[in-house]
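I am opening a notebook on a structure that I have not looked at before. My plan is to begin with one short stretch of chain and to work outward from there.

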Amino acid sequence: MTEAKSQWEAVKRNATTFANNAEQALGKALSYTDVNDAAVVTTMLTRGGNAVNLDGTNATTTDKVLATGGALVPLVGGSTLKKLGENISEIPAVKQIIDIFIDGNKHPESAKHLSEAIQNGASNEGVIDRAGASARRRENLSGTNTQRGMDRDEAPPAVINTGSASSVRHIPSSDNRGAGASIGQQIRQLPDGTRVRILPKIENP
């Protein structure tokens with residue numbers, strides 16, 4: 001084997017070894033890197049700052065700061081970015097918070113109850129969960145007696161799973177049922193799992 005050929009073979013071996021080592025090092029680095037950071041950065045750029053995590057939840061300020069300050073994106077190869085893009089595109093729109101309202105002009109007692117419940121620390125954010133509404137309603141209303149002409153109003157309503165118990169108060173049946181019908185209409189086209197925020201709404205006539 002000539003000296004030139006020998007040197008060429010050595011170069012090829014070294015190049016192959018370098019490539020293999022680089023691939024293993026990159027794979028190891030990525031295995032310790034939170035790919036979710038790339039999702040946060042990407043959605044910050046593509047959704048006008050309304051960044052989300054890969055699971056569809058809204059990214060917090062801390063998520064955004066850590067993701068922006070990380071060095072992940074420059075390390076990710078084209079195939080990884082392509083896969084990431086596919087995952088982000090599959091994040092369902094229902095993960096975005098949708099506001100629904102109780103009209104205080106039409107249902108004043110329901111709106112007042114909701115407003116005071118929120119002021120007292122009740123969460124007004126959750127997901128639509130029709131299947132679990134009956135069980136939550138039984139738990140919420142347990143221990144509160146019925147009254148003639150009055151309904152036991154839940155704020156927020158049982159159809160919204162907030163992860164905690166609702167406030168319960170007696171209000172006129174017509175007010176409570178009117179508000180319930182309005183909420184039902186607002187969420188009629190929304191599937192279970194949709195993240196919503198319920199708010200009292202009072203407008204000057």
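The entries below follow the order in which I looked things up, and I keep in mind throughout that this is a predicted model.

**Entry 1: the loop before strand 2**

I started with S123, which sits in the loop between helix 6 and strand 2. Its relative accessibility is 29%, so I noted S123 as partly exposed. Leaving out residues up to four places away in sequence, I found that S123 touches P156 and T162. I then looked up the spacing to T162 and found 6.4 Å between the C-alpha atoms of S123 and T162, although 39 residues separate the two along the chain. I also noted that a polar atom of the S123 side chain lies 3.2 Å from the backbone oxygen of E125.

**Entry 2: N124**

Next I asked myself whether N124 is buried or exposed. With a relative accessible area of 13%, N124 is buried, because the limit for that word is under 20%. N124 belongs to the loop that runs between helix 6 (108-119) and strand 2 (125-128). Its side chain reaches the backbone oxygen of I198 at 2.9 Å. When I listed the contacts of N124, again without residues up to four places away in sequence, I wrote down I118, P156, V196, R197, I198 and L199.

**Entry 3: the sheet**

From the loop I went on to the sheet, which is open and is formed by 4 strands in the order 1-6-2-4, with mixed pairing. Which strands stand at its edges? They are strand 1 (98-103) and strand 4 (160-161), and each has a single partner strand, so one side of each is left without a neighbour in the sheet.

I then took the pairings one at a time. Strand 1 and strand 6 are joined by 6 bridges and pair in the parallel sense, and within strand 6 it is P200 that stands opposite I102. Strand 2 and strand 6 (residues 195-201) run antiparallel and are joined by 3 bridges. Looking for the partners in strand 6, I found R197 opposite E125, V196 as the bridge partner of G126, and R195 as the bridge partner of V127. Strand 2 also pairs with strand 4, in the antiparallel sense and over 2 bridges, and here the bridge partner of I128 is I160 in strand 4.

**Entry 4: the helix across the sheet**

I looked for what lies across these strands and found helix 8 (residues 173-186), which lies across strand 1 and strand 6 and runs at about 155 degrees to strand 1.

**Entry 5: the largest nonpolar core**

My last search was for the largest nonpolar core, which has 15 residues, and of these I100, I102, I128, I160, I187 and I198 touch the most other members. Strand 1, helix 6, helix 8 and strand 6 each supply at least two residues of this core, while the largest share, 3 residues, comes from helix 6.

I closed by following one of these members, I128, through its contacts. Leaving out residues up to four places away in sequence, I128 touches V159, I187, L190, P191, D192, G193, T194 and V196. I note that I187 is in this list and is also named among the core members that touch the most others. I198, whose backbone oxygen the N124 side chain reaches, is likewise one of those core members, which brings the notebook back to the loop where it began.

Key: Residues numbered from 1 in each chain as written. Predicted model: local features only at pLDDT ≥ 70, side-chain atom pairs only at ≥ 80, totals over all residues. Heavy atoms only, no water. Buried < 20%, exposed > 50% of the residue type's maximum accessible area, 1.4 Å probe, protein only. Polar contact = N/O pair within 3.5 Å; in protein donor to acceptor, adjacent residues only side chain to side chain. Contact = heavy atoms within 4.5 Å. Pairing = 2+ DSSP bridges. Axes fitted to C-alpha atoms, helices over the stretch in contact; angles between N-to-C directions. Core = buried A, V, L, I, M, F, W, Y, C linked by side-chain atoms within 4.5 Å.
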